[in-house]
Amino acid sequence: MKRFIFCIVALVVMMGNQAVAAELVAKVPKSVEISSQSATPYTIKVSCKGEAFYISASEQWLGVVGGDVMFSAKRSHNVKIWAEPNLTTDYRSALLELKGVKSGKVKQIAITQPPHLKSIVDGFPVRMMGSRYDAESWEASGICSPKGSSAMIAMVGASGNLLTTTSEKGVAVAGVGAGDYLLFAVPVAKAEAGEQFDFMCTMTAMEEDAPKYWIFEYWDAGRWNSLQSELRCAEDNSAIRYSFYNKYFRSAHNTSFAQSFTISEPIENGCVKVRLRALTGGNGKVKLTDNSKYVSLQLIRYNSAPKVADTKRMLFIGNSFTYFYGTPFMFKEIARSQGHQVDAVISVKGGQEFSEHLQLERSREAIMQGGFDYAFLQDTSPNAAKYADTQNRSILKASRAINELTRKYSPNCKIVYEQTWACPYDDYRGYGSYERLDSLLQRGSQMLASELAEFDIVISPIGEGFKIGRAQNLTLLHTDNRHQSREGAYLKACINYLLIYKQPFTTTVSDCGVKRKTAAVIRKIAEQVVLSE
């Protein structure tokens, strides 16, 4: 009898296992091929008899809009699915699995996706400024490449929102929902485990109802990773941990964001991928900034750089004499190419004096993050000359106030004032000659540092470098004869770098997009100005 009962129990268990393994009674397409890229979710019609069901995807590049949602039985559902672009040279496949809530029975749909790439062409480094991207492709499908580069920018719509990609003012998108993301990918034939990279961008909220909180993530070891130690908690929602916020200001104040990361597994004939994922949604447009010589996007690889010897946290507060051609980004790139890691926090807005930065939300927020080793503070360019000429007390007052605020949140921070350059704009700022303006800029910077001796301010002699470069017929000014050119930005970044690290450049130093021979001349000038003193 016992043996009979055992056999009955075994038969029931076996039948139960067969029931679980049996196919769900559902009406679904056998297979679906999706395009290599589309920012718009796909819709598939499914139905199931007898029980509710869940749908899940077998691969991370594919997903169901809404995530882990239960679909009811007895009626058809238009299920939306999303997919990342297939940034490989081969077809890829995945499965969508319908699973009964009660029975556990499953039904599968095969998903295939053709490749977006015909071949892997190394894309590093990526430097995008101005309208240097394929606008037509971006508007049509939400994917584009910077001109002259094999890198790719794509919009991935995981939220189900109706996304609108436009290039009217840069790489812009509206209707972003929580979970949607901007994907940046750079093809590479081979990258070794342990290699380091820098991602840098300038982003703008164009309208009030734009997504505010964003997280930076990079693809490594088969998953998306965030740098947990560098995430911040939102003041208005402690559950949100974000990398940066991007807020609309009536007088535009862009987001400058820079992040270093390291891959733990090698990549072969693939892509280095990073993404900016929206943690909150909004219908308002966001864009990669595309005007006034802001750097829209950079992805830099340091495969020939020495290992990191030290890490410093640095603050950059300034105006157009700071953001033209991305001098803080250049500083970070130069430092890393020489074996130094810089964690950069940046607030730059055109035309701003210290007194105005003290009123700006983004500048105050940047300063109040605190814990800085160095703070590079750029007043509006003529103010140092104006102070030497008139001893205007409001300039001194604002200088003292921004120093006090900086030291309040970074007590051990070394403050650096940037002595800027003479230019012919507006009759040499009203002083009539290069020589007169250079002299006033130098004297005014020194006078302010002396008046504020309690802060032990260091003067960065950028203007002196420009004077030497001018004598050597280097084109250090932009076409407006006022702002720095790319070469001028590089000289400024080199001088600031040497001021901190006090060692001549090595052969691994980055040219930051400047022509090699010109970059070498500029570095020699920087060494002459800083290291020969």
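Biologist: Which backbone oxygen does the side chain of His77 reach?

Modeller: In this predicted model, the side chain of His77 reaches the backbone oxygen of Ser72 at 2.8 Å. The residue itself sits in strand β7, which covers residues 77–83, and, leaving aside neighbours within four places in sequence, His77 is in contact with Ile44, Lys45, Val46, Phe53, Phe71 and Ser72.

Biologist: What makes His77 count as buried?

Modeller: The relative accessibility of His77 is 6%, and buried means under 20%, so His77 falls in that class.

Biologist: How do you know how many disulfides the structure has?

Modeller: A search of the whole structure finds zero disulfides. Cys494 shows the reasoning, because its sulfur is 7.0 Å from the closest cysteine sulfur, in Cys512, whereas a disulfide needs the two sulfur atoms within 2.5 Å; the distance is therefore too far for a bond.

Biologist: Why are Cys423 and Cys494 called buried?

Modeller: Cys423 has a relative accessible area of 1% and Cys494 has one of 0%, and the class takes in values under 20%, so both residues are called buried.

Biologist: Why is Gln391 called partly exposed, and what is its phi?

Modeller: Gln391 has 36% relative accessibility, and partly exposed is the class between 20% and 50%, so the name follows from the value. Its phi is near 55°, a positive value in a residue other than glycine. Most residues other than glycine have a negative phi. Gln391 is found in the loop between α7 and α8, just after α7.

Biologist: How do you know which class Asp456 belongs to?

Modeller: The relative accessibility of Asp456 is 47%, and exposed would require over 50%, so Asp456 counts as partly exposed. Asp456 also has a positive phi, of about 50°, although it is not a glycine, and it lies in the loop between α10 and β30.

Biologist: Which residues of α7 are buried, and what covers them?

Modeller: The buried residues of α7 are Asn383, Ala384, Ala385, Tyr387 and Ala388, and what covers them includes α8 and α10.

Biologist: What makes an enclosed space a cavity rather than a pocket, and how many cavities are there?

Modeller: A space is called a cavity because a 1.4 Å probe fits there but cannot get out, whereas a pocket is open. The count comes to three cavities of 30 Å³ or more, and about 130 Å³ of space lies in the largest cavity. That cavity is lined by 15 residues, of which Asp379, Ala384, Tyr417, Glu418 and Ser445 lie nearest its centre, and α7, β29 and α10 each supply at least two residues of the lining. By class, the lining of the largest cavity divides into five nonpolar, eight polar and two charged residues.

Biologist: What is the volume of the largest pocket, and which element gives the most to its lining?

Modeller: The largest pocket has a volume of about 660 Å³. The elements giving two or more residues to its lining are β10, β25 and α4, and β10 gives the most, with four residues. The lining comprises 28 residues, of which Phe124, Pro125, Arg127, Glu333 and Gly513 lie nearest the centre of the pocket.

Biologist: What kind of peptide bond joins Phe124 and Pro125?

Modeller: A cis peptide bond joins Phe124 and Pro125, with omega at about -10°, and Pro125 is found in the loop between β9 and β10. Most peptide bonds are trans.

Methods: Residues numbered from 1 in each chain as written. Predicted model: local features only at pLDDT ≥ 70, side-chain atom pairs only at ≥ 80, totals over all residues. Heavy atoms only, no water. Buried < 20%, exposed > 50% of the residue type's maximum accessible area, 1.4 Å probe, protein only. Polar contact = N/O pair within 3.5 Å; in protein donor to acceptor, adjacent residues only side chain to side chain. Contact = heavy atoms within 4.5 Å. 1 Å grid on protein atoms, 1.4 Å probe; cavity = no way out; pocket = protein on both sides within 12 Å on 5 of 7 lines; lining within 4 Å. Points joined across faces, edges and corners; volume = space filled by probe spheres on them. Nonpolar A, V, L, I, M, F, W, Y, C, P; charged D, E, K, R; others polar.
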